[in-house]
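Colleague: I am new to this structure and would like to know how its descriptions are justified. Could you take me through the reasoning, please?

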Amino acid sequence: MSHVGAPRGRTCSRTLRSVALLTTGVLALPSLSACSSEDDGNKATAAPDIAPAGREWVGQGGTLHWAIDTMPATLNAFQADADASTNRIAGAVLPSLFTLDERGRPKINPDYLESAKVVEREPKQVVLYKLNQQAVWSDGREIGAPDFAAQWRALRGKDSAYWTARNAGYERIEKIERGASDLEVRVTFNKPYADWKSLFSPLYPKDVTAKPNSFNDGARTTLKKTAGPFTVKKVDRKKKEAVLVRNPRWWGEPAKLDSLVMRAVPRSKRAAALAAGQLDLAEVDRKVVERIALAKRDEGGGGQPLTHGPGTEITAASALRSWALANGSDEERAEAAQEAREQTVASIKRYAREQKSLDAYEVRKSLEPAYTQLALNGQSGPLADERVRRAVARAINRQELADTVLKPLGLPAKPLGSHLALDGQQAYADNSAALGKQDTQEAQALLTDAGWVPGGARKKADGAKAGSKGKKADAEEEAKKHEKKAPDRKAEEKAERQAAEKLKQEEKNNKEDNKPDVPSDEGTYIVGDEKPGEAAPRPETATHILAPAPAAAFQGTTLLRQAAVLDDSDVRTQTVKAAQEAQEKPGGMAGAYAPAGTAAPSGTATPPVLTGPVGKNGKPLTLRFVLPGGEGSESLRTVGERISRMLDRIGIDTEITKVADDNYFKDHVSSGDYDLALYSWPATAYPATDGRPIFAKPVPASDGSLLVEQNYTRVGTDHIDQLFDRAAGELDENAARDLLKQADARIWAAAGSIPLYQRPQLVVVKPGLMNAGAFGFATPRYQDIGFKKPGTAGPESKD
């Protein structure tokens, strides 16, 4: 599987976050951290698995061969084509002022800083950095204010000559000055910035950032000056490897390894590379883990023959042989059969040799700092109606999906409750109650309210006049489907009519009962245009009218009230209270939303039993579900197929389209060529900064196109944007968290993206490798990585 990242495309001056498919790829932009207090009840659900050991147990010397997905296109982490490999190398050779601990919290890196704190809030925010007095670049020059100032000027967005991909936070800086000494840097902001700890990591020398030419081209293929435990020796694109060696000018604890070799190996070839002894550490998919488990079982079975074997590879040669076997002459068939036998025997022998070698490796596992989501494209089609999006969301059993992916690996299987933080991070809060739990009847009621009803796809076909052969064939095919599913059609139609009449009467009655709950200025709910205390735009002036009906208005209003309930600190208490109040009220709008746990209103019509896809005006509700078709994306496709079956239960058809991994994101997700899609976002400990472009309301660009930033679902609201902006400028960490919780609740309510689960992180390592493996949230401490000291039992045997 290849790493799929977000293209530069049309983006504003905010942080770009990389997107990845659901395997276990290393993600870009590791300098993402958190605005929260030190003490918090959240605990990491899966700790790092790195064989931690004190430096006294790690031997001196050696080379570690570490698999990366691709050769870095640039070594400048602030350019658009920077990727995970860029950041992996930067982490080992450049200053990171703050690193992340195992819970994703930013911590001062004492190798570079003695302290860093906000020293003034009024009239302007001022941060004072006190640098480690030993910190120098590899040429001996002190790290200081000139480096900070040059990086700020390059990234603040005022000089278009710099090819920057992100400048979040830098545009808020007013000036950078030398402090009381050369070891102090004083940064003044023109407006408050809560996520100031995210800045200057990595920090480049002024030689790279002071001029556009050096910024754009000077750091693409090499870094002449570094300031980390390692330095760049060479980047060999022919061999597809970057070689890092111990930095002789490093002032901190010296690196245990002599060298780090970052080698680009496709995920599909990592098992073979491990077996050949070409790698010591590689992140892998579940298939490789299963192969290692089988290898150990076979080894432990006393030399029993293999009961498993290599998968079938479809190549041009194998396809030609298959054709010859089916269509060729007797001589061609015999030759093809013999060739197939020889290749099969060779493949089995090669597989057996690999299995014997794989038995020697260890598997380390944790949860990756990234989550997988279901994206719903709200720009056009059925999903432009928020009721349909909510129906999709309410039909999905997220626990079942988490169990499918994580339980077989022995990892905590817990659905994710936030778009902005992962379980274990301080900013994490489960706000999914703003949308509600899985509920098939609620999902069906929402579809009914949106006009998608059982039988709605058949009406036009059943009563249509004679037309084209294609339309006639479609109608006949549709009729056949329903004959198989529902032989007693007359009884079914009668039940449908009765249910529809009952539902219509309920809506009429409830319209009167619920007048106090539906203000007259909220008769139309429009995604992206609601503002507290303001009337929604009139239908004739709005761009996307999603629910121009009292019933839909009630749903929108109720859902926003739920989101407001979740704005309070005690979410559970408020939700239960709202549920109890709702239960005491008579009536209720069919299909309307109520807080989690609210009983269905008395007299609410039960959705009719489905006999096929729901439809409207003779058209079935069909959604195009785009999934990657590559070899490393099997797990993602399994999840997609399960989601498809869940939607089928409420009458939504899905057309699964498998596309090449390399084209999946660029040609489909980012361009909006999908209805449903699965992709992942990396975790961030700075959600106010990094979350905003992902959930920002799309706006029209000057050329008439839609500026979506990184919001590839095209669903957003003004209020969500305002909450992000307020959180980014709130220096009180508790207040900032509350604002982010409110933003997340409203993101859930808009139902543009549904977080599913945190991704598994599976890493294969050479035995004896210490302080490396499945890092989880934690930033690697490169100078401590190495192999167990010869002749020692290791830290696990100290007692």
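Modeller: Gladly! In this protein, 74% of the contacts with a separation of 6 or more are between residues 24 or more positions apart. Please keep in mind that this is a predicted model.

Colleague: How many helices and strands does the protein have, and what share of its residues is buried?

Modeller: There are 22 helices and 23 strands. Of the 799 residues, 54% are buried. The accessible surface comes to about 34600 Å², and carbon and sulfur atoms hold 49% of it.

Colleague: Why is Thr713 called buried?

Modeller: Buried means under 20% relative accessible area. Thr713 has 6%, so Thr713 counts as buried. Its place is the loop between strand S20 (706-707) and helix H21 (718-728). Leaving aside residues up to four places away in sequence, Thr713 touches nine residues' worth of neighbours listed by name: Ala375, Leu376, Asn377, Gly378, Gln379, Tyr674, Tyr679, Gly752 and Ser753.

Colleague: What makes Lys124 and Glu174 a salt bridge?

Modeller: The cut-off is a side-chain nitrogen of Lys or Arg within 4 Å of a carboxyl oxygen of Asp or Glu. For Lys124 and Glu174 the closest N and O atoms are 2.3 Å apart, which fits that cut-off. Lys124 sits in the loop between strand S4 (113-120) and strand S5 (126-131), while Glu174 belongs to strand S6 (residues 173-178), so the pair ties together parts that are 50 residues apart in sequence.

Colleague: Why are Lys124 and Glu174 called partly exposed?

Modeller: Partly exposed lies in between the 20% and 50% limits. Lys124 has a relative accessible area of 31%, so Lys124 is partly exposed. Glu174, at 32%, counts as partly exposed too.

Colleague: How do you know that Asp449 and Arg387 form a salt bridge, and are they buried or exposed?

Modeller: Their closest N and O atoms are 3.2 Å apart, and the limit is 4 Å. Asp449 is in helix H11 (residues 440-449) and Arg387 in helix H9 (residues 386-395), and the two are 62 residues apart. Both are buried.

Colleague: What makes Arg642 and Glu400 a link between distant parts of the sequence?

Modeller: Their side chains meet in a salt bridge at 2.9 Å, N to O. Arg642 lies in helix H17 (residues 634-648) and Glu400 in helix H10 (residues 398-406), so this pair ties together parts that are 242 residues apart in sequence. With a relative accessible area of 25%, Arg642 is partly exposed, and Glu400 is partly exposed at 24%. There is also a network of salt bridges with shared partners, joining Arg55, Asp111, Glu253, Arg781 and Asp784. The whole structure has 33 salt bridges.

Colleague: How do you know that the buried residues of H18 line one face of the helix?

Modeller: In helix H18 (residues 661-669), the buried residues are Asp661, Tyr664, Phe665, His668 and Val669. Looking down the axis, they fall within an arc of 115°, so they line one face. The face turned away from them carries the exposed residues Asp662 and Lys666. On the buried side, the packing is against strand S16 (622-628), strand S17 (653-659) and strand S18 (676-682).

Colleague: Which residues touch the most other members of the largest nonpolar core?

Modeller: That core has 94 residues, and Leu374, Val392, Leu447, Ile643, Leu676, Leu678 and Leu756 touch the most other members. Helix H22 (residues 733-750) gives the most to this core, with six residues. Another core, of 70 residues, lies apart from it and includes Leu97, Val127, Val187 and Ile785.

Colleague: What makes S8 and S9 a strand pair?

Modeller: Pairing needs at least two bridges. Strand S8 (residues 230-236) and strand S9 (residues 241-246) have six, in the antiparallel sense, so they pass. Val232 has Leu244 in S9 as its bridge partner. The hairpin has four residues between the strands, and Lys240 takes a positive phi near 60° there.

Colleague: Why are S13 and S15 said to stand at the edges of their sheet?

Modeller: The sheet is open and antiparallel, in the order S13-S14-S15. Strand S13 (453-454) and strand S15 (619-620) each have a single partner strand, so one side of each is left without a neighbour in the sheet. Strand S14 (residues 614-616) pairs with S15 over two bridges, and Lys616 stands opposite Lys619 in S15.

Key:
Residues are numbered from 1 along each chain as its sequence is written. This is a predicted model: local features need pLDDT of at least 70, side-chain atom pairs count only at pLDDT 80 or more; totals for chains, interfaces and linings use all residues. Side-chain values use heavy atoms; hydrogens and water are left out. Buried means under 20% relative accessible area, exposed over 50%, partly exposed in between (1.4 Å probe, protein chains only). Contact means heavy atoms within 4.5 Å. Accessible areas come from the Shrake-Rupley method with a 1.4 Å probe; for residues, only the protein chains shown count as cover. The arc is that of the directions from the helix axis to the C-beta atoms. A nonpolar core is a set of buried Ala, Val, Leu, Ile, Met, Phe, Trp, Tyr and Cys residues joined through side-chain atoms within 4.5 Å.
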